[in-house]
Amino acid sequence: MKSIDPLLLQFWGKTPRPGTPVTQFHPAIFHMLDVGCVAEALLRHGPQRVRQALLHAWRGADPEALISWLPFLIALHDLGKLSAAFQGQDEAQRERLTRAGVQFRSHSLELHHAAISALWIHDYLAQNEPEIAQDLVWIFRDATGGHHGRFVDESMEDLRKKLHHVERGESRWRDWRKQGYVLLRDLLAPEDKPLHSIGTPVAPRPATVALTGLLVWSDWIGSNEHDFPATPGMDIHCYLSLSRQRAQNALTTHYLRASRSQPQYSDFRALFQAIAPRPLQAVVDRLSDNDLRQPALVVIEAPTGEGKTEAALALARRIAALRGIDEIFFALPTMATGNQMFTRLERFFRTLYGDGGSVRLSHSQAIVVEDDLRRRVTLSADQDRSDPEGCSADVMLGWFVGPKKAMLAPFGVGTVDQVELGGLNVRHYPLRLFGLASKVVIIDEVHAYDAYMSVILEHTLAWLATLGCSIILLSATLPRQRHDALARAFLRATEPAAALTLPEELPYPALSLYHATAQSHHTCDVFRGEQRFILRLRKQSAPEEEAGRLLELVRNGGAVARICNRVDDAQAIYRALIASGAPGVTCVLLHARFPLHERQRREQRISVLVGKESQRTPEQRIIIAGTQVLEQSLDYDVDVMVSDFAPIDLLLQRAGRLHRHSRSRPDDHCEPVLEIVIPYDEQGKPDWRRWRAIYEPYILWRSLATLCDGLTDDTRIVTLPRDYRTLIEAVYSAAPVVGRYAGEVAKAEQEYRKTIDAQTAKARSPLTPDAMIRAPIVEHGGRSYIEEETGAEASWQLAKTRLGDRVTLVPVYRVNGELSLDPGGTFRIPTDVPPTLEQMKDVINVAVPVSDRAVIAAYRDEHRDRALRWTWSAIPAPLRGLHPLPLDVQTHSITLNRRRLRLDNELGLVIENGDVDMSGDWFEEDL
């Protein structure tokens with residue numbers, strides 16, 4: 001090894017803890033070794049997915065050469081810490097180095113060390129490694145520069161000028177960086193193969209994302225001072241041995257070693273211990289092994305109650321057995337559906353792996369609900385509650401805390417937003433994508449996403465395809481154009497890129513499979529048999545009359561659900577029900593504007609009353625009133641469904657709750673009935689103005705025209721599954737509408753096309769670069785980043801995964817000069833220092849999402865009242881995007897921008913004098 005300047009090991013990488021001597025720093029070179037050794041351990045001994053995901057993204061390169069060189073290349077990530085810009089940041093360390101003879105300029109430009117690392121690789125890597133391909137320089141440069149969550153967004157020329165200015169007067173900085181490079185190369189690089197032997201990957205951008213994700217993961221572990229405590233003054237060779245041992249210990253400590261047994265799959269019945277699989281589930285066992293060994297897209301379309309979830313899990317397990325990686329992420333449209341799926345997956349994977357199968361929940365409120373949901377999961381008496389080492393699930397999942405780390409956990413469930421953020425230009429998007437790479441990603445309810453979300457989803461699917469994911473999409477049924485678009489998005493990113501070939505008519509139910517070399521479509525009978533229900537249209541009435549209609553429906557017993565498109569309508573109907581004083585009727589209201597803890601309590605009550613395991617009798621009289629959360633969030637069934645009018649696919653989704661489970665019915669409700677209410681204007685014409693911010697009038701007109709085509713006295717019989725495709729395609733195809741409402745459809749279409757174009761353009765703006773273009777992921781100085789998904793650090797510029805605007809409010813009260821989460825002053829929160837973790841959980845537990853434009857404007861006003869701001873100097877990450885809603889102790893209300901907000905125990909958050917925009921529950925979900 002060539003001689004090095006002794007000062008090289010005097011440059012700090014991690015500063016000492018407060019109160020310890022300034023000499024107790026962790027050298028920058030040692031930290032770089034730590035991160036390189038963690039990467040080496042992850043690649044050699046970590047979860048098998050890590051290595052396979054990386055190699056898939058780097059396909060075309062030499063696998064062994066790549067694995068051999070990566071620890072060294074990853075160690076270079078902090079070469080930029082050997083700079084005046086970084087070393088001068090800490091005053092005590094700067095003084096120590098000045099005494100040692102290092103010169104600093106008195107004034108320095110802001111220059112991040114990751115950008116300096118990227119600049120060094122850009123300028124000097126090829127000089128030091130002959131014959132290296134330009135693609136590799138791009139990849140290593142961009143991954144190195146992006147290891148703090150954002151790729152370098154300045155040109156190399158601008159960085160070069162800044163660095164020259166910062167380091168004028170001390171000519172040795174460039175030499176020290178070169179010496180650091182040579183030292184790390186001597187310690188970590190292989191001796192038997194040159195760097196250029198890696199070759200070049202087929203697609204440089206997926207390779208960059210995968211390498212960046214691995215680098216960030218390694219850096220986070222290597223920066224943990226408990227695993228890698230400060231060790232100054234040690235011989236470099238001795239420290240390399242110690243660092244390797246620490247890396248191995250860290251993997252053990254954080255349960256990151258490949259320890260689960262090899263996944264096995266024989267058939268569906270064995271996996272679920274079922275008497276017999278349902279027809280859809282049996283299709284999973286008939287698929288070819290060859291079709292599942294490579295990344296594939298599978299679209300499962302079937303009515304509710306056919307077992308799509310279990311079919312998807314069985315398919316994921318088959319893929320795991322064939323590919324050797326049993327890791328999944330299950331994405332759902334709402335937090336409520338995510339919470340429900342969490343308990344199902346927790347039981348499923350604990351059955352397979354004990355506590356080693358614990359699942360991580362990933363959405364904005366996971367910190368509040370996950371522990372409680374996990375406690376609810378009851379294991380069977382003969383199931384081992386712990387892994388072989390006797391550790392708990394909480395311990396095993398401890399490292400994966402936080403929305404970004406959670407994506408790296410082997411088994412995850414959350415909102416679809418978490419997947420879509422991998423396709424948006426937010427901080428750490430490569431880490432999110434690498435967290436999903438080579439997993440099976442299951443996305444439920446894909447029919448429910450609008451044009452804006454669909455653009456983001458298609459873009460993200462292409463990225464996931466390049467990263468070796470198999471993707472399973474679940475839907476009651478997809479419009480043909482959506483099916484086509486999703487399949488094309490996946491196939492264009494396969495290697496080689498495949499063209500889509502679809503039959504003229506897709507079967508139903510259907511399991512469609514697509515990969516680079518084959519496409520197939522499978523169908524089956526339905527488990528529930530033919531489902532017929534009566535669809536009846538009627539005019540919408542005032543809330544009191546609507547409540548009277550519901551009471552009439554349950555006069556002789558029965559359960560009815562009333563789904564409203566707007567929260568205030570659901571509140572008004574429920575208020576009228578209570579005011580009626582009808583004896584013996586159980587009424588429950590559910591929507592998203594309840595505090596979280598109250599919403600969970602109500603969801604549990606609905607499950608007890610009308611859920612799958614409920615023991616209700618025909619004589620019971622039950623009315624469930626609510627919003628779209630009743631459309632997707634809960635597994636329940638009712639005798640009659642009364643619904644506001646909605647797009648046809650959502651109406652069929654709502655109808656899926658009719659007579660869903662086998663039970664005795666009242667004589668009045670032997671046949672399932674979907675009663676749909678339509679608002680009319682003074683001229684007797686359907687009037688969608690009140691719902692236009694929630695649903696497109698064009699789709700409502702086409703849905704109404706389609707349903708009216710078969711009406712007799714405002715009634716028709718719908719037979720499922722036969723009518724699914726017919727009804728959906730009639731609404732969503734481009735075919736012209738004839739007959740009744742044809743004129744209204746034609747008038748609404750032009751505005752609809754403009755809206756779709758606007759949504760598409762808005763969705764494309766924050767997308768990450770195209771995965772398949774053979775160019776560096778950073779071009780022309782990079783893209784501007786949306787710093788925080790919550791918008792809290794970016795002047796309210798959110799990386800939106802869905803259209804619509806919203807603010808999340810925390811009701812607080814001023815009690816004896818202090819803030820409290822309740823008017824009695826029991827749950828107090830500090831005003832001078834940030835709350836503790838338990839207090840943060842309490843805060844999130846009472847949070848309420850609000851979509852009223854005037855309320856949102858009040859909180860986005862730079863001159864807003866101090867009472868609408870937290871008083872802490874720094875807002876903790878879990879609370880970013882949440883804001884205090886100061887309520888009067890007596891009235892539980894406040895007036896903001898002429899809106900009166902009142903928290904009611906029975907109604908939730910009531911907004912009086914509100915406008916008509918964004919008042920449904922589709923926009924309830926957080927990131």
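Start by selecting residues 648-655, helix H28. Helices here are DSSP runs of H or I with at least four residues, strands are runs of E with at least two, and both are numbered from the N terminus. Color Ile648, Asp649, Leu650, Leu651, Leu652, Gln653, Arg654 and Ala655: these are buried (under 20% relative accessible area, with exposed over 50% and partly exposed in between, using a 1.4 Å probe and protein chains only). That makes eight of eight residues, so H28 counts as mostly covered.

A word on what you are viewing: this is a predicted model, where local features need pLDDT of at least 70, side-chain atom pairs count only at pLDDT 80 or more, and totals for chains, interfaces and linings use all residues. Residues are numbered from 1 along each chain as its sequence is written, and side-chain values use heavy atoms, leaving out hydrogens and water.

Next, select strand S11, residues 531-539, and add strand S17, residues 715-720. The two pair in the antiparallel sense over six bridges (strands pair if DSSP finds at least two bridges between them). Click isoleucine 534 to find its bridge partner in S17, isoleucine 717. Now add strand S16, residues 673-678, which runs parallel to S11 and is joined to S11 by six bridges. Here arginine 536 stands opposite glutamate 675 in S16.

For the last stop, show S23, S24 and S25, an open antiparallel sheet in that order. S23 (893-896) and S25 (908-912) each have a single partner strand, so one side of each is left without a neighbour in the sheet. Finally, zoom in on S24, residues 899-904, which pairs with S25 over five antiparallel bridges. Leucine 901 faces isoleucine 911 in S25.
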